[in-house]
Amino acid sequence: MAARLLIADDESLIRIHLRETLLALGYLIVGEAADGQQAVAMARQMRPDLVLLDYKMPHLDGLEAATILCHEGLAPVILLTASASRELAERARMAGVFGYLTKPFRDAELMPLIEVTLARWQVYQARRNEVIALRDRLETRKEIEQAKGVLMDLHGLSEAEAFRRIQQLAMRNRKTMREVAQAILLTRQLAGG
């Protein structure tokens, strides 16, 4: 399936050239924006696989738009710019830009950069999801440990007995152990403990 791209550049001739080039390379263009605000709004709505952003645009420049897109995890960004300065490259990195292309560029430079960016984005998303899952498991474990402590204090149970009680409550009520642990902790908190 062809990657779905969004193009954002305030110069219509550049947008037209990019669209024609990208279509010829087999990509699907899901939208075109003339400024950074429009690009962010379209990315939120269209959910493209990749966004090509010009650096200098009205209302919201490419770096500001890239920062929002990266922070929201919407799509990887390739920044298009006439400047090859180290300072701008550093700012692009800090904004979360995945690729950087200096104008004027050759059409042949687009496809490899897009494909590498898409592959890196998949790796980034997988790692991000792993981190979220690990944080969730850690929070679950902490809440269960705290709930075990409450049951041990209130009912004089051993650690194994407290754990087993949480398991039994979860099975009996068709809840997760985390939900049961949260209920125990909330009950303790409401009771003033």
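A nonpolar core is a set of buried Ala, Val, Leu, Ile, Met, Phe, Trp, Tyr and Cys residues joined through side-chain atoms within 4.5 Å. The model here is predicted. Its largest nonpolar core has 24 residues. Within that core, V51, L53, L63, L69, V77, L79 and V97 touch the most other members. Six elements each give two or more residues to this core. The strands among them are strand 1 (4–8), strand 3 (50–54) and strand 4 (77–81). The helices are helix 2 (36–46), helix 3 (62–71) and helix 4 (86–95).

Take L63 as a way in. Leaving aside residues up to four places away in sequence, L63 touches Y55, L79, L88, R91, A92, A95 and V97. A second core, separate from that one, has 17 residues. L5, L50, L80 and L118 are among them. In soluble globular proteins, nonpolar side chains tend to be buried together.

Now the sheet. It is open, and five strands form it in the order 2-1-3-4-5. The pairing is parallel. Strand 2 (28–33) and strand 5 (99–102) each have a single partner strand, so one side of each lacks a neighbour in the sheet. On average, neighbouring strands are turned by 20 degrees against each other, direction ignored.

Look next at strand 3 and strand 4. They run parallel and are joined by four bridges. One residue pair can be picked out: L52 has I78 in strand 4 as its bridge partner. Helix 3 packs on the sheet and touches both strand 3 and strand 4. The direction of helix 3 makes about 160 degrees with that of strand 3.

Helix 3 also matters for the empty space. How many cavities of 30 Å³ or more does the structure hold? The structure holds one. About 30 Å³ of space lies in the largest cavity. The lining consists of A66, L69, C70, A75, P76, V77, G96, F98 and W121. Helix 3 gives the most to this lining, with three residues. L69 and V77 line the cavity, and both are listed with the core residues that touch the most other members.

Finally, turn to helix 5 (residues 110–155), where E143 is found. Is E143 buried or exposed? Its relative accessibility is 15%. Buried means under 20%, so E143 counts as buried. Which residues does E143 touch, not counting those up to four places away in sequence? They are R178, A181, Q182 and L185. A181 lies 38 residues from E143 along the chain, yet 5.9 Å separates their C-alpha atoms.

Definitions and conventions: Residues numbered from 1 in each chain as written. Predicted model: local features only at pLDDT ≥ 70, side-chain atom pairs only at ≥ 80, totals over all residues. Heavy atoms only, no water. Buried < 20%, exposed > 50% of the residue type's maximum accessible area, 1.4 Å probe, protein only. Contact = heavy atoms within 4.5 Å. Pairing = 2+ DSSP bridges. Axes fitted to C-alpha atoms, helices over the stretch in contact; angles between N-to-C directions. 1 Å grid on protein atoms, 1.4 Å probe; cavity = no way out; pocket = protein on both sides within 12 Å on 5 of 7 lines; lining within 4 Å. Points joined across faces, edges and corners; volume = space filled by probe spheres on them.
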